[in-house]
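These are my notes from a pass through one model. I went element by element and wrote down what I looked up.

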Amino acid sequence: MSGIIQDLELVSVTKRYGTALAVNAVSHRFRPASYTCLLGPSGCGKSSTLRMIAGHESVTEGSILLAHRDISNLPPAKRGTAMMFQSYALFPHLSVLDNVAFSLKMKGVDAKERRAKAAEMLELVDLTALADRLPAQLSGGQQQRVALARALITRPQVLLLDEPLSALDPFLRVRMRTELRNLQKELGISFIHVTHGQDEALALADEIVVMNDAVIEQAGPAREVFNAPKTRFVAQFMGGHNVIALPQGHFAIRSDAVGVTPAGSGQMEGHVTAIEYQGTYVSVMSRIAGDQEVTALVPDAAYFDAPHHPGDRIGLTWDAKNLHQLTA
Ligand SMILES: Nc1ncnc2c1ncn2[C@@H]1O[C@H](COP(=O)(O)OP(=O)(O)OP(=O)(O)O)[C@@H](O)[C@H]1O
């Protein structure tokens, strides 16, 4: 919205709560004007990272730079960032329009100008018709759009979103994620979105930053992180992969890159432990040498041409180019 594309960078950022280490010397440069998801399991430090960027939590060590300016010690309103919270925290007694205009009122902007700006933001999130309602008269999805408009009215260079879709029902969640993604592209600013959902991150993100245990395990374009996980944790957390120990080391391979052949004809022998019908695919779970579990996702037509059953011996095949060596 500023018209200038700005870089956000974390330089060895650490957060301690007493003796607990929540974020451990994390460094990362966020791509300008892109949608980034901070992804990881509960407690990995993603919300602490987001809150430090927003200025709602102090940085214990390290610095946060926006457009090469150290913003680590600035108050939230002076950073060029804005945060949309998990609970939208709208003022219940204020109309939608006044909720959106609130931060401009705090800044001393006169009534006419702030109402005009708020109306512009409501148009952006498609809520013009509901400007005079109170928050209690809105659906969850509408409340969320008010919260978005309220964050965007400050014209941030970076919008921070903490689990913004978690309060919505599954149907609305999918719709809102499309809206968020479109809004980010339309505004051309950076969105940094915290989530513990792999599907959500894959659907939304240009870049995924996977955190585990207070550090970044892997960061890169969504497709690269899913396709070529570097560690066992990333492979297992992203899902859809097998982790296999081979004589050359540990490898990840996507389940849909593993083929099932008649016994005696594959790269490896296994016996089927379970079959699960998933609609488009059938999941064939098997056990191979070394008591390792391998799952093959077989397109349903191929499976039903030559079905297998628990106890059957099968061959498993893959193309070596689909094996990704793990570093940890
Ligand atoms: N205010 C606090 N005081 C003490 N410890 C905290 C505080 N906030 C977070 N922590 C701890 O820091 C670690 C990281 O928490 P954080 O909220 O950043 O993780 P998260 O990945 O966002 O998890 P979740 O998805 O559950 O919100 C956790 O072990 C958490 O218990």
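Which residues of helix 1 are buried? I find K46, S47, S48, T49, L50, R51, M52, I53 and A54 buried in helix 1. That makes nine of its nine residues, so I noted helix 1 as mostly covered. I call a residue buried if 20 or more other C-beta atoms lie within 10 Å of its own, exposed if 12 or fewer, and partly exposed in between, with C-beta atoms placed from the backbone. Helices (H or I, at least four residues) and strands (E, at least two) are DSSP runs that I number from the N terminus. Just after helix 1, I read a positive phi of about 90° at G55.

Conventions. This is a predicted model, in which I take local features only at pLDDT of at least 70 and side-chain atom pairs only at pLDDT 80 or more, while totals for chains, interfaces and linings use all residues. I number residues from 1 along each chain as its sequence is written.

Whole chain. I counted nine helices and 18 strands in the protein chain. Its C-alpha trace spans about 80 × 45 × 35 Å along the principal axes. Of the 328 residues, 37% count as buried. I also looked at contacts (C-beta atoms, placed from the backbone, within 7 Å). Among those between residues at least 6 apart in sequence, 64% join residues at least 24 apart.

Ligand. I listed the residues whose C-beta atom, placed from the backbone, lies within 6 Å of the ligand. The shell consists of Y17, A20, A22, G40, S42, G43, C44, G45, K46, S47, S48 and H196. Strand 2 (20–30) and helix 1 (46–54) each supply at least two of these residues. Helix 1 gives the largest share, three residues. By class I get four nonpolar, seven polar and one charged. For this I count Ala, Val, Leu, Ile, Met, Phe, Trp, Tyr, Cys and Pro as nonpolar, Asp, Glu, Lys and Arg as charged, and the others, Gly among them, as polar.

Strand 8. I checked both faces of strand 8 and found S190, I192 and V194 buried on one side, and F191, H193 and T195 buried on the other. Six of its six residues are therefore buried under the cut-off. I take two strands as paired if DSSP finds at least two bridges between them. Strand 3 runs parallel to strand 8 and is joined to it by five bridges, with C37 partnered by H193. Strand 7 (residues 158–162) also pairs with strand 8 in the parallel sense, over five bridges. There, the partner of D162 is V194.

Helix 5. Which residues of helix 5 are buried? I find R177, L180 and Q184 buried. They cover an arc of only 60° around the axis, taken from the directions from the helix axis to the C-beta atoms, which puts them on the same side of helix 5. An α-helix has 3.6 residues a turn, so residues three or four places apart point the same way. The face turned away from the buried side carries the exposed F171, T178, N182 and E186. The cover over the buried residues includes strand 3 (35–39), strand 8 (190–195) and helix 6 (198–204). I also checked the length: helix 5 (residues 170–187) has 18 residues and reaches 26 Å from first C-alpha to last, close to the 26 Å expected. The expected span is 1.5 Å times one less than the number of residues. G188, just after helix 5, takes a positive phi of about 70°.

Hairpin. I looked at strand 15 (residues 281–288) and strand 16 (residues 292–299), which are antiparallel and joined by eight bridges. They form a hairpin with three residues between them, and G290 in the turn has a positive phi of about 80°. R287 has E293 as its bridge partner in strand 16.

Open sheet. I found a sheet of three strands in the order 11-12-18, with antiparallel pairing. Strand 11 (241–246) and strand 18 (324–325) stand at the edges with a single partner strand each, so one side of each has no neighbour in the sheet. Strand 11 and strand 12 (residues 249–254) are joined by six bridges, and I244 stands opposite F251.

D70. Is D70 buried or exposed? I count it as exposed, because it has 12 C-beta neighbours inside 10 Å. D70 lies in strand 5 (residues 69–70). Leaving aside neighbours within four places in sequence, I find D70 in contact with S63 and L65.

Key
Contact = placed C-beta atoms within 7 Å.
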